[in-house]
Amino acid sequence: QVQLVESGGGLVQPGGSLRLSCAVSGSIFGLNAMGWYRQAPGKERELVAVFTSSGSTNYAEFGKGRFTISRDNAKNNVYLQMNSLQPEDTAVYYCHVRRLFGLGKLIDTWGQGTLVTVSS
């Protein structure tokens with residue numbers, strides 16, 4: 001069973017930076033994707049950045065040039081460096097792991113989320 005624990009959220013002023021961390025425990029056998037999503041108040045959850053099954057990265061348009069996803073393969077941890085934060089980046093940020101098993105069975109695991117508030 002996979003467990004994800006996020007940390008690093010908080011209050012930051014516009015233009016500031018934060019680094020989110022996701023500690024991954026348990027077996028990630030069948031790993032298909034690993035990354036970050038966010039959900040702002042009153043909005044749907046949306047992709048921020050992800051490592052795909054090939055190891056490449058995908059970023060949402062709003063994050064390109066500002067956000068960087070990285071991982072520590074030894075620890076199975078994943079990180080999100082966020083720079084030039086703006087009030088519209090305020091959201092709960094979730095770590096996500098997707099695993100693929102036989103017959104196309106996908107299993108999604110989510111962390112509990114960490115709140116990022118960008119405000120002066």
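Where does serine 84 lie? In this predicted model, serine 84 is found in the loop between strand 8 and strand 9 (91–101).

**Figure 1. Overview of the chain in the predicted model.** The secondary structure amounts to 11 strands and zero helices, and the order of elements from the N terminus is accordingly β-β-β-β-β-β-β-β-β-β-β. Along the principal axes, the C-alpha atoms occupy a box of roughly 50 × 30 × 25 Å. The radius of gyration is 14 Å, in agreement with the value near 14 Å that a compact globule of 120 residues would have. Buried residues make up 38% of the 120 in the chain. Among contacts between residues at least 6 apart in sequence, 54% join residues at least 24 apart. The exposed area of the chain is about 6400 Å², of which carbon and sulfur atoms supply 49%.

**Figure 2. Close-up of glutamate 6 in strand 1.** Strand 1 spans residues 3–7 and contains glutamate 6. This glutamate is buried and yet has no salt bridge. The nearest side chain of opposite charge belongs to arginine 45, at 7.6 Å, whereas a salt bridge requires a separation within 4 Å. Two backbone nitrogens are shown with the side chain of glutamate 6. That of cysteine 95 lies 2.7 Å from a polar atom of the glutamate 6 side chain. The backbone nitrogen of glutamine 112 lies 3.0 Å from a polar atom of the side chain of glutamate 6.

**Figure 3. Contacts of glutamate 6 beyond its neighbours within four places in sequence.** The residues in contact with glutamate 6 include Ser21, Cys22 and Trp36. Also in contact with glutamate 6 are Tyr93, Tyr94 and Cys95, together with Gly111, Gln112, Gly113 and Thr114. Of these partners, Cys95 and Gln112 also place their backbone nitrogens at 2.7 Å and 3.0 Å, respectively, from a polar atom of the glutamate 6 side chain.

**Figure 4. Close-up of asparagine 76 in the loop between strand 7 and strand 8.** The loop holding asparagine 76 joins strand 7 (67–72) to strand 8 (77–82). Asparagine 76 has a positive phi of about 60°, although it is not a glycine. Most residues other than glycine have a negative phi.

**Figure 5. Close-up of serine 84 in the loop between strand 8 and strand 9.** Serine 84, likewise a residue other than glycine, has a positive phi near 50°. Its relative accessibility is 38%, so serine 84 counts as partly exposed; this class lies between the limits of 20% and 50%.

Technical notes. Residues are numbered from 1 along each chain as its sequence is written. This is a predicted model: local features need pLDDT of at least 70, side-chain atom pairs count only at pLDDT 80 or more; totals for chains, interfaces and linings use all residues. Side-chain values use heavy atoms; hydrogens and water are left out. Helices (H or I, at least four residues) and strands (E, at least two) are DSSP runs, numbered from the N terminus. Buried means under 20% relative accessible area, exposed over 50%, partly exposed in between (1.4 Å probe, protein chains only). Lys and Arg count as positive and Asp and Glu as negative; His and the chain ends are not counted. A polar contact is a pair of N or O atoms within 3.5 Å; within protein, one must be able to donate a hydrogen and the other to accept it, and residues adjacent in sequence count only if both atoms are side-chain atoms. Contact means heavy atoms within 4.5 Å. The radius of gyration is taken over C-alpha atoms; the globule rule is 2.2 Å times the number of residues to the power 0.38. Accessible areas come from the Shrake-Rupley method with a 1.4 Å probe; for residues, only the protein chains shown count as cover.
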